[in-house]
Amino acid sequence: MPKANMSAGDKHDGYDLPVYGADTYLFYSLHIPALLCITASFVSAVIVLVLSYKARNIRTFFKWTKSERFVVYLAVCDGSFNLAHFTDHFHILVTRDHVYPKPLCQFYGLMLAEFITAQNLMVNIVAINAFLLMYFNRNLNFGTKDYRLLSWTFGIPLVGAATAALLKQLGPNGSFCYFDGVTGNTTNFLFTTVPLCIILLINTTLYILIYRKLSVETRRLRKSIGQQSRTIAANHSAVRSMSLFVLAFIVQWWAMAVYGVWAFVNPDGVPTVVFHLVTTFSNIGGILNLVVFIIIRKRSLKTVNPTADCTIQSNLPRIEKPETG
C-alpha cells in the first residue's frame, strides 16, 4: 500500500508517513536552507568556543564568571544540536527517504530532544538569574562545579529523552528525526511544545520586567556617584549581558512554539510558511549566540572601571566577579 494513501489507522509509526515534499520543490526548500543554517550555526558555535578558551585557562573554567560559562554551555548545546541535525537532514537529502536503520533515527531524535530542552532550561535559568540580580541583587548558587545547573539543564532532559526512546516515541516525523510522527505526537506536545511555550512566556515576561527596571535604574544611576553606584552599574552590566541571551532565545524558538501549538490543534492546517520558519529560526541558535557574544565582548572592551574588583582582566565578557567555587 502506498504510504501517501494510507489512512491514519493503517500507519504504525513514522516510517509509514511520506517524506515531506517528496518529488516537489518543497523537499529542497526544506532541507537545503536547513543545512545552510545549521552549518553557519555550527561554525558560529565553534568560533565562540575557540575565542573563549583562547583567552582563558580551561583548567580554571569553574572560576570563570557566570557569563563566560553560559557562553560555553550554550555553544555546546548549539554545536551538539547542529551535528545531529545536520547528519539527519543530509541523510534525508541524499537518500530522499527516511533515515535508516531505525536506531540511528532514534539516536538523532534523542540528541535533538536532549539539547533543545537543555538550551531551553539553560536560558530560563539565565533569565531567572538576571531577574533576581536586577530586582533583589542576588545571584543563583549553581553549586560546586555548577553541578546544580548541569544536573537540571542536561540531566533532566537526558532522562526524559532516554525514557521516550525506550517507549518507542522517537523516530521520523516526515521531515527529520525527532518524536515519531505517528506514535509520538502526544509525547512531543508534552515534552517539547508545552515546556517551550511556558518557558518562552516566562522568559519574555522576565525580559520585559528586567528591561523596564533597568531603564529606570539607569536613569537614576546617572544622578548618583560613588562606590555604591559603581557596584550597581556592574550588576546592571551583568543583567544586560544575560538579557541578550534571553532575547536571542525568544528569536530562535518563537516559531517552534507557534508551530507546536498549531500542529497539535490542527495537524493538517499548519501553513507551509510556518513550518519553514521553524526550520530557519530553530537552526540559527549558534549565530544568535555569536552575535550576543560579540556585543558583550565589545561592551567589556569599552568598559573601564576604576575599582580593583570590577577591573576587566580579559578580552572576554567578564561581567560578574569570578566565583571561587
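The largest cavity in this protein holds about 80 Å³ of space. Keep in mind that you're looking at a predicted model. In total, the structure has 4 cavities of 30 Å³ or more.

So who sits around that largest one? Its lining is made up of Phe81, His85, Leu112, Ile116, Phe176, Met256, Phe275, Val278, Thr279, Ser282 and Asn283. Sort them by class and you get 7 nonpolar residues and 4 polar ones, with no charged residues in the lining. Three helices, α2, α3 and α7, each bring at least two residues to this lining. Which helix gives the most? That's α7, with 3 residues.

Here are those helices, so you can find them in the structure:

| Helix | Residues |
|---|---|
| α2 | 66-95 |
| α3 | 102-136 |
| α7 | 272-281 |

Now hop over to the loop between α2 and α3, where you'll find His98. Is His98 buried or exposed? With a relative accessible area of 4%, His98 counts as buried, because the cut-off for that is under 20%. A polar atom of its side chain lies 2.7 Å from the backbone oxygen of Leu17.

How far can you trust all this? The protein chain has an average pLDDT of 85, and 85% of the residues score at least 70. Residues 304-322 are another story: pLDDT stays under 50 there. The model still gives this stretch 49 contacts beyond four places in sequence. Where pLDDT is low, though, don't read the predicted coordinates in detail.

Definitions and conventions: Residues are numbered from 1 along each chain as its sequence is written. Side-chain values use heavy atoms; hydrogens and water are left out. pLDDT is the predictor's confidence in each residue, from 0 to 100. Contact means heavy atoms within 4.5 Å. On a 1 Å grid over the protein atoms alone, a cavity is a set of points where a 1.4 Å probe fits but cannot get out, and a pocket is an open set with protein on both sides within 12 Å along at least five of seven lines; lining residues have an atom within 4 Å of a point. Grid points are joined across faces, edges and corners, and a volume is the space filled by probe spheres set on the points. Helices (H or I, at least four residues) and strands (E, at least two) are DSSP runs, numbered from the N terminus. Ala, Val, Leu, Ile, Met, Phe, Trp, Tyr, Cys and Pro count as nonpolar, Asp, Glu, Lys and Arg as charged, and the others, Gly among them, as polar. Buried means under 20% relative accessible area, exposed over 50%, partly exposed in between (1.4 Å probe, protein chains only). A polar contact is a pair of N or O atoms within 3.5 Å; within protein, one must be able to donate a hydrogen and the other to accept it, and residues adjacent in sequence count only if both atoms are side-chain atoms.
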